[in-house]
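Thank you for asking for a second reading of this model. My remarks are set out below as numbered points, to be read with the coordinates open.

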Amino acid sequence: MSTELVSHTTEELIGLFPPGTRPDADGTLMVGGCRLDDIAEEFGTPAIVVNEDALRQRARDYLAAFRSRWPRADVAFASKSFPCTAVQRVMAEEGLHLDVAGGGEIVTAVKAGADPAKLVLHGNAKTDEEITLAVEHGVGLVVVDNFDDIDRLERIVPAGRQQGCLVRVIPGVEAATHASQATGHAGSKFGLMPDDARRAIARIEASPRLRLDGVHTHVGSQLLNTEQLAAAVEPIAKLGTFDVYDLGGGLGVRYTYDDHAPSLDDYAEAMVGQARALLPEGSRIIVEPGRSMVGTSACTVYRVTTVKRGQIVHVAVDGGMGDNLDVSLTGQRFEATIVNRVGGGETVTVVGRHCESGDQLVDGVELQDPKVGDLLAIPVTGAYCYTMSNQYNGARRVPVVFARNGKTRLVVRRDTWDDLLIRDVD
Ligand SMILES: *Cc1c(COP(=O)(O)O)cnc(C)c1O
């Protein structure tokens with residue numbers, strides 16, 4: 001058992017679910033005013049359920065937290081954390097920019113109705129095809145990660161046009177997070193060390209088809225310490241005076257009872273505090289939240305398929321690493337509850353249906369009297385779950401359901417059995 005378990009109150013557990021979640025009269029959890037058992041009935045399981053109002057409110061709160069402190073601030077939603085058109089559309093409608101990681105997310109963002117001028121393209125291995133897509137759509141900012149990006153842009157941007165660029169700089173910050181989530185250390189595959197960044201800046205400034213708008217950095221993900229996040233500012237401030245400083249994303253969220261995530265205000269205050277100290281007045285700052293924008297607005301509902309009482313009580317559900325790869329990839333801990341018996345009673349391990357021993361959803365969690373046929377919900381699955389959903393073991397990828405004011409709306413359908421065959425051409 002990886003964690004020592006203590007009992008938690010119903011309120012504490014519900015507090016991990018999307019804001020506004022509450023039990024109905026019979027104790028069944030309701031998200032966005034919709035009973036999770038009704039959602040399971042209508043859309044099947046597993047299903048990702050998003051409280052749309054909570055999602056929109058978070059976007060507004062983010063923008064307000066930064067603009068109230070630094071008027072030329074933009075928030076670019078890191079699409080890769082939940083890259084479906086419905087979520088990107090919500091972000092665009094709420095006035096956010098979109099950070100897109102590669103061509104596929106340009107396609108979904110454009111389909112979502114986002115203004116291409118408000119897209120920021122990332123990638124450490126951009127192809128000619130992706131740069132072409134960005135240029136053709138008029139993507140506002142291309143984040144140059146390496147010198148080959150500059151070669152490609154110079155070849156692909158047509159004469160008479162100027163592509164706005166940021167140069168991605170390795171901040172040299174060792175993030176206290178899982179190794180797969182640290183991106184800002186010397187030796188990272190992302191971005192350029194400061195001396196190389198200076199050379200890239202000089203090349204872009206000398207290029208008639210490129211326009212250097214500024215610099216970019218990103219320290220890592222699921223960071224729970226504002227000082228570490230704010231440490232992004234100094235390395236890029238040192239590179240000179242620019243119009244744009246993109247400070248990346250990385251703010252962590254509260255997945256479990258033991259996590260203490262900084263509030264949006266504390267985060268914005270720390271970032272803007274450093275900006276006031278180190279960046280030119282009147283410059284534009286961009287932040288790129290992913291996890292902290294979408295993580296807490298969703299939960300995943302599963303059906304319990306087996307309860308095996310051996311040395312460990314294994315509660316197996318009809319999903320797993322096909323809809324939540326974060327556990328196997330980064331060891332992220334989640335909490336769980338039976339949806340109509342919220343709270344603890346018995347310590348179990350929640351496992352998925354996939355053919356891997358590592359396919360665990362929660363290693364050690366208290367459930368109340370888990371039985372076959374129960375619905376089980378895991379909170380804080382808005383970020384990096386849908387996006388890494390896959391068809392391993394013939395899994396049909398999960399649907400996404402928006403819930404708002406007691407009404408549901410299916411925004412991504414589940415794969416059909418036929419979808420599993422659709423690409424097999426021979
Ligand atoms: C992943 C990523 C983000 C978002 O990170 P979160 O931890 O989800 O906030 C922002 N910017 C870049 C460049 C990224 O790679």
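The points that follow take up the annotated domain, two helices, the aromatic contacts, the cysteines and one arginine of this predicted model.

1. On the annotation: the UniProt record, an unreviewed entry, lists residues 63-294 as "domain: Orn/DAP/Arg decarboxylase 2 N-terminal". Over that stretch the chain is 37% helix and 17% strand, and the C-alpha atoms at its two ends lie 14 Å apart.

2. On the geometry of helix 3: this helix covers residues 52-67, and at 1.5 Å a residue its 16 residues should span 22 Å, which agrees with the 23 Å found between its end C-alpha atoms. At the start of the helix, a side-chain oxygen of N51 comes to within 3.0 Å of the backbone nitrogen of D53. The buried residues of helix 3 include E52 and R56 as well as A54, L55, A59, Y62, L63, A65 and F66.

3. On the aromatic contacts of helix 3: how many aromatic pairs does the count come to? The count comes to six, and two of the pairs deserve a closer look. The ring centres of Y62 and Y267 are 6.3 Å apart with the planes at 80°, and because an angle over 60 degrees counts as edge-to-face, the pair is assigned to that class. Since Y62 belongs to helix 3 and Y267 to helix 11 (residues 264-278), the pair ties together parts that are 205 residues apart in sequence. For F66 and Y267 the centres are 5.6 Å apart and the planes stand at 75°, so this pair is edge-to-face as well. F66 lies in helix 3 and Y267 in helix 11, so here the parts tied together are 201 residues apart in sequence.

4. On the setting of those rings: Y62, F66 and Y267 form one aromatic cluster. Y62 and Y267 are both buried, with a relative accessible area of 1% for Y267, and F66 is likewise buried, with a relative accessible area of 1%.

5. On a contact between a charge and a ring: the charged end of R396 sits over the ring of W417, at 3.7 Å from the centre of that ring.

6. On helix 4: within this helix, which runs over residues 85-93, the buried residues are A86, V87, Q88, V90 and M91. Just after helix 4, G95 adopts a positive phi of about 90°, a backbone value that can be checked directly in the coordinates.

7. On the cysteines: how many disulfides does a search of the whole structure find? The search finds zero. C34 is in no disulfide, and the nearest cysteine sulfur, that of C299, is 11 Å away; as a disulfide requires two cysteine sulfur atoms within 2.5 Å, this separation does not qualify. C34 is buried, with a relative accessible area of 6%, and C299 counts as buried too, at 0% relative accessibility.

8. On R341: where is R341 placed, and is this residue buried or exposed? R341 is found in the loop between strand 15 (337-338) and strand 16 (346-351), and, with a relative accessible area of 18%, R341 is buried; the cut-off for that term is under 20%. The side chain of R341 makes a polar contact with the side chain of D374, at 2.5 Å, while a polar atom of the R341 side chain also lies 2.8 Å from the backbone oxygen of D369.

Methods: Residues are numbered from 1 along each chain as its sequence is written. This is a predicted model: local features need pLDDT of at least 70, side-chain atom pairs count only at pLDDT 80 or more; totals for chains, interfaces and linings use all residues. Side-chain values use heavy atoms; hydrogens and water are left out. UniProt positions are given in the numbering used here, feature names are shortened, and annotations may be inferred rather than shown by experiment. Helices (H or I, at least four residues) and strands (E, at least two) are DSSP runs, numbered from the N terminus. The expected span of a helix is 1.5 Å times one less than its number of residues. Buried means under 20% relative accessible area, exposed over 50%, partly exposed in between (1.4 Å probe, protein chains only). A polar contact is a pair of N or O atoms within 3.5 Å; within protein, one must be able to donate a hydrogen and the other to accept it, and residues adjacent in sequence count only if both atoms are side-chain atoms. Rings of Phe, Tyr and Trp (its six-membered ring) pair if their centres lie within 6.5 Å; planes under 30 degrees apart count as stacked, over 60 as edge-to-face and the rest as tilted. A charge sits over a ring if NZ of Lys or CZ of Arg is within 6 Å of the ring centre and within 35 degrees of the ring normal.
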